[in-house]
Amino acid sequence: MKAVWKDTLIAESNQTKIVENNHYFPMESIKCEFFKPSNTTTRCPGKGKASYYNLEVEGKVNKEAAWHYPQASHAAKPIENYVAFWKGVTVKE
(Lines give C-alpha, C1' and ligand atoms only; values in the text may rest on other atoms or scores of the structure.)
Protein backbone atom coordinates (compact mmCIF):
# COMPACT_ATOMS: atom_id res chain seq x y z
CA MET A 1 0.00 0.00 0.00
CA LYS A 2 1.04 3.56 -0.68
CA ALA A 3 0.03 6.83 0.98
CA VAL A 4 0.29 9.84 -1.35
CA TRP A 5 -0.30 13.55 -0.80
CA LYS A 6 0.43 16.30 -3.35
CA ASP A 7 1.66 13.61 -5.79
CA THR A 8 4.35 12.69 -3.26
CA LEU A 9 4.81 9.24 -1.75
CA ILE A 10 4.77 9.72 2.03
CA ALA A 11 4.50 6.06 3.15
CA GLU A 12 4.72 2.61 1.56
CA SER A 13 4.31 -0.84 3.07
CA ASN A 14 3.14 -4.38 2.38
CA GLN A 15 2.44 -4.72 6.11
CA THR A 16 -0.44 -2.31 6.74
CA LYS A 17 -3.18 -3.20 9.21
CA ILE A 18 -6.78 -2.29 8.50
CA VAL A 19 -8.91 -0.97 11.36
CA GLU A 20 -12.26 0.75 10.77
CA ASN A 21 -11.50 1.08 7.03
CA ASN A 22 -8.19 2.86 7.66
CA HIS A 23 -4.84 1.41 6.59
CA TYR A 24 -2.32 1.79 9.39
CA PHE A 25 1.30 1.88 8.15
CA PRO A 26 4.23 0.70 10.27
CA MET A 27 6.20 3.66 11.62
CA GLU A 28 9.34 2.53 9.75
CA SER A 29 7.46 2.78 6.42
CA ILE A 30 6.79 6.52 6.58
CA LYS A 31 9.02 9.10 4.87
CA CYS A 32 10.00 11.03 8.01
CA GLU A 33 11.05 14.16 6.15
CA PHE A 34 7.37 14.95 5.42
CA PHE A 35 6.10 14.43 8.99
CA LYS A 36 6.17 17.17 11.63
CA PRO A 37 4.77 16.45 15.11
CA SER A 38 1.60 18.32 16.05
CA ASN A 39 0.61 19.23 19.60
CA THR A 40 -2.91 17.92 18.89
CA THR A 41 -4.14 14.81 20.67
CA THR A 42 -7.54 13.15 20.84
CA ARG A 43 -8.90 10.25 22.82
CA CYS A 44 -10.68 7.25 21.29
CA PRO A 45 -12.55 5.11 23.84
CA GLY A 46 -11.46 1.89 22.13
CA LYS A 47 -7.91 2.76 21.07
CA GLY A 48 -6.57 5.30 23.54
CA LYS A 49 -4.84 8.65 23.05
CA ALA A 50 -3.99 9.56 19.45
CA SER A 51 -1.12 11.87 18.54
CA TYR A 52 -1.02 13.70 15.21
CA TYR A 53 1.45 14.76 12.54
CA ASN A 54 1.27 17.68 10.14
CA LEU A 55 2.39 16.77 6.64
CA GLU A 56 4.69 19.19 4.80
CA VAL A 57 5.30 18.72 1.08
CA GLU A 58 6.79 21.38 -1.22
CA GLY A 59 5.99 24.17 1.23
CA LYS A 60 2.36 23.07 1.69
CA VAL A 61 1.07 21.97 5.10
CA ASN A 62 -1.75 19.50 5.78
CA LYS A 63 -2.49 19.92 9.49
CA GLU A 64 -3.12 16.80 11.56
CA ALA A 65 -3.39 14.66 8.42
CA ALA A 66 -1.75 11.63 10.04
CA TRP A 67 -2.28 10.05 13.44
CA HIS A 68 -0.94 7.22 15.56
CA TYR A 69 -1.36 5.68 19.00
CA PRO A 70 1.98 5.77 20.87
CA GLN A 71 0.44 3.89 23.81
CA ALA A 72 -2.62 2.11 22.44
CA SER A 73 -5.20 0.48 24.67
CA HIS A 74 -4.98 -3.28 25.15
CA ALA A 75 -7.51 -3.92 22.36
CA ALA A 76 -5.59 -1.69 19.92
CA LYS A 77 -2.04 -2.94 20.65
CA PRO A 78 -1.71 -4.35 17.09
CA ILE A 79 -1.73 -0.77 15.71
CA GLU A 80 0.43 0.84 18.38
CA ASN A 81 2.92 3.13 16.61
CA TYR A 82 1.32 2.52 13.22
CA VAL A 83 0.30 5.63 11.25
CA ALA A 84 -3.02 6.29 9.49
CA PHE A 85 -4.08 9.14 7.21
CA TRP A 86 -7.00 11.36 6.24
CA LYS A 87 -7.55 14.96 5.02
CA GLY A 88 -6.85 14.36 1.35
CA VAL A 89 -4.12 11.73 1.66
CA THR A 90 -4.77 8.97 -0.87
CA VAL A 91 -4.11 5.37 0.20
CA LYS A 92 -3.91 2.91 -2.68
CA GLU A 93 -2.22 -0.26 -3.89
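**Exercise 1. Start from A3 and work out which core it belongs to.**

Leave aside the neighbours of A3 within four places in sequence, and its contacts are T8, L9, I10, A11, F25, F85, V89, T90 and V91. Keep in mind that you're working with a predicted model.

Next, look at the largest nonpolar core, which has 16 residues. A3 is one of the members that touch the most others, along with I10, F35, L55, V83, F85 and V89. Then ask where the core residues come from: β1 (2–5), β2 (8–12), β6 (48–57), β7 (60–68) and β8 (82–85) each put in at least two. The largest share is that of β6, with three residues.

Don't stop there, though. There is a second, separate core of eleven residues, and Y24, W67, Y69 and I79 are among them.

**Exercise 2. Lay out the open sheet that contains β1 and β2.**

Step one is the order: three strands, β2-β1-β9, paired antiparallel. Step two is the edges, and these are β2 and β9 (90–92), each pairing on one side only. Step three is the twist: ignoring direction, neighbouring strands here are turned by 30° against each other on average.

Now zoom in on one pairing. β1 and β2 run antiparallel and are joined by four bridges. To pin down the register, take K2, which stands opposite E12 in β2. As a reminder, strands of a sheet pair through backbone hydrogen bonds, either parallel or antiparallel.

**Exercise 3. Decide whether K47 is buried or exposed, and find its polar partner.**

First, place the residue: K47 sits in the loop between β5 (35–44) and β6. Its relative accessibility is 7%, and the cut-off for buried is under 20%, so K47 counts as buried.

Then list what surrounds the lysine. Beyond its neighbours within four places, K47 is in contact with V19, E20, Y24, Y69, A72, S73, A76 and I79. With E20 there is a side-chain to side-chain polar contact of 2.7 Å.

**Exercise 4. Follow the contact from K47 to S73 and describe the serine's surroundings.**

S73 is in the loop between β7 and β8. At 22% relative accessibility, S73 counts as partly exposed. Leaving out neighbours within four places, its contacts are G46, K47 and G48. For the polar part, check the S73 side chain against the G46 backbone oxygen: they're 2.6 Å apart. Finally, try a C-alpha distance: S73 and K49 are 24 residues apart along the chain, with 8.3 Å between their C-alpha atoms.

**Exercise 5. Classify the aromatic pairs that involve W67.**

A search of the whole structure turns up five aromatic pairs. Take Y24 with W67: the ring centres are 6.1 Å apart and the planes meet at 90°, so this one is edge-to-face. Y24 is in β4 (residues 22–26) and W67 in β7, so the pair ties together parts 43 residues apart in sequence. As for burial, Y24 has a relative accessible area of 2% and is buried. W67, at 9% relative accessibility, counts as buried too.

Now the other partner. W67 and W86 are also edge-to-face, with 6.1 Å centre to centre and 85° between the planes. This pair links distant parts of the chain, 19 residues apart, since W67 is in β7 and W86 in the loop between β8 and β9. W86 comes out as partly exposed, at 42% relative accessibility.

One last item for your list: F25, F35, Y53 and F85 form one aromatic cluster.

Key. Residues are numbered from 1 along each chain as its sequence is written. This is a predicted model: local features need pLDDT of at least 70, side-chain atom pairs count only at pLDDT 80 or more; totals for chains, interfaces and linings use all residues. Side-chain values use heavy atoms; hydrogens and water are left out. A nonpolar core is a set of buried Ala, Val, Leu, Ile, Met, Phe, Trp, Tyr and Cys residues joined through side-chain atoms within 4.5 Å. Buried means under 20% relative accessible area, exposed over 50%, partly exposed in between (1.4 Å probe, protein chains only). Contact means heavy atoms within 4.5 Å. A polar contact is a pair of N or O atoms within 3.5 Å; within protein, one must be able to donate a hydrogen and the other to accept it, and residues adjacent in sequence count only if both atoms are side-chain atoms. Two strands pair if DSSP finds at least two bridges between them. Axes are lines fitted to C-alpha atoms, for helices over the stretch in contact, and angles run from 0 to 180 degrees between N-to-C directions. Rings of Phe, Tyr and Trp (its six-membered ring) pair if their centres lie within 6.5 Å; planes under 30 degrees apart count as stacked, over 60 as edge-to-face and the rest as tilted.
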